[in-house]
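Had a look through this one and jotted down a few points for you. Have the viewer open while you read.

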Amino acid sequence: MNRYLLRRLAQSAIAVLGTVTLVFFIQRLAGDPTLLMLPEGATREDIETLRRQLGFDRPVIEQYLDYVWQLLRLDLGQSLVQRLAVGDIIASRLPYTLYLAAAALVVALGIGLPVGVLMAVKRDTRLERLLVAFVLIGQSMPTFWSGILLILFFAVTLGVMPASGVDGFHSVILPAIALGALTMATFARVTRTAVLEELSRDYVPAAQAKGLRFRAVVFSHILRNAATPIITVSALEIANLLAGAIIVETVFAWPGLGQLAVQSIAARDFPIVQGIVLLGSFVAISLNLLADILYSVVDPRIRLEGRA
Amino acid sequence: MNAPLLLVEDLSVAIGAARVVDGVSLSIAPGEALALVGESGCGKSLTARAIMRLLPPAARHAGGRVTLDGRELGALDADAMADMRGSALSMIFQEPVASLDPLMPVGRQIVEAVLAHRRTSRGEAAKLALAMLEEVGIPDPVRRMAQYPFELSGGMCQRVMIAIALICRPRLLIADEPTTALDVTIQAQILALIKRLRRETGTAILLITHDMGVVADMADRIGVMYGGRIVEQGEVFALFRRQCHPYTKLLLKSLPSLEGERRTRLSTISGTVPDLHSWPPGCRFNPRCPLAVDRCRTDAPPLAPAADAAHLAACWETARMAELDR
Ligand SMILES: Nc1ncnc2c1ncn2[C@@H]1O[C@H](COP(=O)(O)OP(=O)(O)OP(=O)(O)O)[C@@H](O)[C@H]1O
Ligand code: SF4
Ligand SMILES: [Mg+2]
């Protein structure tokens, strides 16, 4: 492990702590949470009892330290509605969201990368124009809209796919397409730009001058050099994908975290909402760290920093 | 002259509507070195890249034939042409560092060149690469093999490029200003290296340069380009002794002294090279030429024998060259 990665690791730890702190204080700033937690018409005594129970009568700094300590033990508190540990509730929903997100990522990368490379390599051909139109569709359709259209066409009209819920392998296909479409378009655009940029570099004709075929130059040189911007975008896009899951899970009645978030907001179950927010931030920060680790795998100039 | 190794006939390259290489013809015998000189932008690099069939995307072939060892390169399909590159003819580019893939160890980039043409194992190819790195004078080649281009100096990268270009023993090496990006002492080393390898392998060379000292040192014959055309061609010393085209004459006159101060760049002659879209009709040099007559502004002079059969010039007024000495 070199200095670059240690520094990035430390930065990520600070970012996590910052998020935790921010979530804590935003909650306190938003006013007395007990008022939000209790049903309307609760008595003064009810409020006082809950305040003491939840420790809101103690000094803020003490509460904060308590809260951090709790999180360190991976304790996210209790759901207000279900009287279950938030951690357990989230854990029961997480696999569905991961499954959906992974399927959407397969759609996005599996289509986006090759389409991007083709758009760059086949520049100014009919194929490129066709692909540009395809990407534009993926990019401009709002997720809820494409979700509804997919359901109407494949589930209602053709009847070949289930309209909603989780029932066998089939059921992930439509939500994965709805969720992955925008990400696919982004990957395609970024890949196209990155590959075009690399195509204009001097090492391309030089590699061809060795006797390599153009295809070989693309696979063994250009793709690797184009990877850096694609990795950067991937980290952001996977985070966006998780945000998009909120909509897609609602449209397709998919029992993941996105649906849980919507239900919990409606039910004012704040510990769960907070748990999901913290988890989301943690994932986003980890993805960025992962991207930085990948850069140094791909690019020796980062990996060997200090050796030359 | 024996049968030429490389025969270029009437080669043209266009960018948009402009013919930036316009009917270039030249030939190189096996083992011979031809220098191509001329001011910046006169089409030297595009001529080289047209021969390699590796034109930049903006440029396209606009006619002519290139024959190497009796095979017409334009008639080959893309894969067959790729097989010729690196094995029958190689090219080294002006920017050695940018010509290497920054993310791949240099050893593997040399190995790639071997594997493109020979069916051997990676291990065997690596042995060849190592031997070649020694041949081009890279100290501690085992360590260098594993290094990335950014860990090597410009001179080292150029040696690696030369190793890549010569490892499959091509019959023709095109070197496009192989030393321009390097500092003076390294320049001398690289030129000495190319000379030694040429002696040992008998490779013919098409050398593109700005530097008359390099021409005198390295080349047997010289082709002078102006405005995308070859305006004079002949044996180096014959041409240094006597010029048959006003452009060449002024080019050489603008040098301080050939023997004394050698490594001098071509300095500009009065007037500037016209923009590539605005070549005049007739002889492209006519706006800057002191000998120009009416005919020069309407008819383009062909490249024809001037002083003798081996010394060609494209000028209507070759007979009046003496006037330029006054
Ligand atoms: N990739 C390109 N795109 C557009 N124009 C180009 C390109 N490459 C060359 N040209 C133009 O074509 C003409 C000939 O270029 P070329 O590179 O062959 O000149 P050169 O003789 O090699 O010059 P130099 O000595 O500066 O290398 C120039 O006017 C140049 O501006
Ligand atoms: S043809 Fe005319 S313009 Fe061209 S170089 Fe000769 S004298 Fe000058
Ligand atoms: Mg050039």
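1. Starting with L149(A): its relative accessibility is 32%, so it counts as partly exposed. That label covers the range between buried, under 20%, and exposed, over 50%. Keep in mind that this is a predicted model.

2. Where does L149(A) lie? Helix α7 of chain A is the place to look. L149(A) also helps make a nonpolar surface patch of about 750 Å². The other members of that patch are F144(A), W145(A), I148(A), L152(A), V156(A), I246(A), I247(A) and V262(A).

3. On which elements feed the patch: α7 (143–157) and α10 (214–251) of chain A each give two or more residues to it. The largest share, six residues, comes from α7(A).

4. Next stop in chain A is S296(A), which sits in helix α12, spanning residues 270–298. Is S296(A) buried or exposed? Its relative accessible area is 5%, so S296(A) is buried; the cut-off for that label is under 20%. As for polar contacts, the S296(A) side chain reaches the backbone oxygen of I293(A) at 2.8 Å.

5. Over to ligand 2. How many residues surround it? There are 13, and the closest are C283(B), C289(B), C296(B), C315(B) and W316(B). Sorted by class, the shell around ligand 2 holds ten nonpolar, two polar and one charged residues. Watch the class labels here, since Cys and Trp both count as nonpolar in this scheme.

Technical notes:
Residues are numbered from 1 along each chain as its sequence is written. Chains are lettered from A and ligands numbered from 1 in the order in which they are written. This is a predicted model: local features need pLDDT of at least 70, side-chain atom pairs count only at pLDDT 80 or more; totals for chains, interfaces and linings use all residues. Side-chain values use heavy atoms; hydrogens and water are left out. A residue is near a molecule or strand if one of its heavy atoms lies within 4 Å of it. Patches are made of residues with over 30% relative accessible area and no salt bridge: like charges are joined within 9 Å, nonpolar side chains (Val, Leu, Ile, Met, Phe, Trp, Tyr) within 5 Å. Accessible areas come from the Shrake-Rupley method with a 1.4 Å probe; for residues, only the protein chains shown count as cover. A salt bridge is a side-chain nitrogen of Lys or Arg within 4 Å of a carboxyl oxygen of Asp or Glu. Helices (H or I, at least four residues) and strands (E, at least two) are DSSP runs, numbered from the N terminus. Buried means under 20% relative accessible area, exposed over 50%, partly exposed in between (1.4 Å probe, protein chains only). A polar contact is a pair of N or O atoms within 3.5 Å; within protein, one must be able to donate a hydrogen and the other to accept it, and residues adjacent in sequence count only if both atoms are side-chain atoms.
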